[in-house]
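Q: I'm new to this one. Could you walk me through how to read its inside, a piece at a time?
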Amino acid sequence: MDIIDIHGHASAPPEFYQYKSLLHAGRGAHGLGGLQLPDEIVLKASQKHVDTLKRVGTTMQLISPRPFHQMHSEKPEKIVHAWIRANNDIIAQLCRLFPGVFRGVAGIPQNYGVSPTNTFEELDRCINDLGFVGCVLNPDPGEGAGEPTPNLGNEYWYPLYEKLVALDCPALIHAASCRCTEKESYSHHMITEHSIACWALANSRVFNDFPKLKIVVSHGGGSVPYQIGRWRAGRLLHPPHLGLVQSKPVVETFDESMRHMYYDSVLYSREALEYLIRTVGSDRVMFGTEVPGVGSAVDPSTGRPFDDLKPLIDGMDWLTPAARADVFGGNARRVFSRLG
């Protein structure tokens, strides 16, 4: 059985992050010519990552840039373009060095206060030239600073949605960095942004206007699946305008609206993961671990890393073999059409 992990991030050597420091310090005065690292350096930096995937039984992992490194709120905009291009180049290098193990999910050069159309050139390059299978979309390119960017249900994002549909490019919703405070850490910010994204899309007419749009909300949809009772009630009290079909208003339950999206399994708890699958359906959940990441800490109660999620899903006896196969790889192959 294929085990396709749709949520991973690139492992890179220190020289890669030195390039980021140069861009950041020089504000684009130096280093915009790009970055090329020898294969042997990249192989050494990623070998532990690959060994971990083999150990837990993962067949293939879709990798994107590490979110908190994307610099989407930095100025001038040109350093963001240079840095995201370098991220995508090293992902392409990893895919070449480990064929069949890694597939690329593009970072896009979002920049705070700039139209999402600024991402099109790099998105085209990644999908059409580098053979990537999707992209990662940050719902908060301001990274917690300044005026908030409109939520993902807003028409502000429509040019990007149109582009994603034209490319048949699924978007993995994943927040990036934040201006962390005592009140909100990076992890808090990330889950909050995923919750806002999931709720905003479910209460918008986006999927009526773009029925072929493929959106995957990472980290199990943030808090939304676990607070669904509140949103079910809210839908009845204050039904949103979800668009028209044959001149008649679209009427959906909140659960039906949630099923326009897909969700990964990056939750690190059997109880939460089981609730997600029961709530949205096994046909809407894709295996993901974010290996290696925060979940790589070892759970003292099991002796396994928290992000070793395959045993949790294997242990759900109520899942049929077909449903389990969908979660482990079937759904990913249907949504990420370029996987083949």
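Q: Let's start with the empty spaces. Which residues line the second largest cavity?
A: Keep in mind that this is a predicted model. The lining here is made up of Val56, Thr58, Phe287, Thr289, Val291, Asp307, Asp308, Leu309 and Lys310. Sorted by class, that's four nonpolar, two polar and three charged residues. The space in this second largest cavity is about 40 Å³.

Q: How many cavities of 30 Å³ or more are there?
A: Two. The largest cavity holds about 50 Å³ of space. Look for Gln110, Asn111, Val114, Ser115, Pro116, Asn118, Pro141, Tyr156 and Trp157 around it. That lining of the largest cavity has five nonpolar and four polar residues, but no charged ones.

Q: Now the filled parts. Which residues touch the most other members of the largest nonpolar core?
A: The general idea first: in soluble globular proteins, nonpolar side chains tend to be buried together. Here, the largest nonpolar core has 77 residues, and Leu123, Tyr161, Leu164, Ile215 and Met261 touch the most other members. Helix 3, residues 77–97, gives this core its largest share, eleven residues.

Q: Can we zoom in on one of them: what is leucine 164 in contact with, leaving aside its neighbours within four places in sequence?
A: Leu123, Cys135, Cys169, Ala171 and Leu213. Leu123 should ring a bell, as it is also on the list of residues touching the most other core members.

Q: And which residues does the second, separate core include?
A: Among its 15 residues are Ile4, Leu62, Val136 and Val335.

How values were computed: Residues are numbered from 1 along each chain as its sequence is written. This is a predicted model: local features need pLDDT of at least 70, side-chain atom pairs count only at pLDDT 80 or more; totals for chains, interfaces and linings use all residues. Side-chain values use heavy atoms; hydrogens and water are left out. A nonpolar core is a set of buried Ala, Val, Leu, Ile, Met, Phe, Trp, Tyr and Cys residues joined through side-chain atoms within 4.5 Å. Buried means under 20% relative accessible area, exposed over 50%, partly exposed in between (1.4 Å probe, protein chains only). Helices (H or I, at least four residues) and strands (E, at least two) are DSSP runs, numbered from the N terminus. Contact means heavy atoms within 4.5 Å. On a 1 Å grid over the protein atoms alone, a cavity is a set of points where a 1.4 Å probe fits but cannot get out, and a pocket is an open set with protein on both sides within 12 Å along at least five of seven lines; lining residues have an atom within 4 Å of a point. Grid points are joined across faces, edges and corners, and a volume is the space filled by probe spheres set on the points. Ala, Val, Leu, Ile, Met, Phe, Trp, Tyr, Cys and Pro count as nonpolar, Asp, Glu, Lys and Arg as charged, and the others, Gly among them, as polar.
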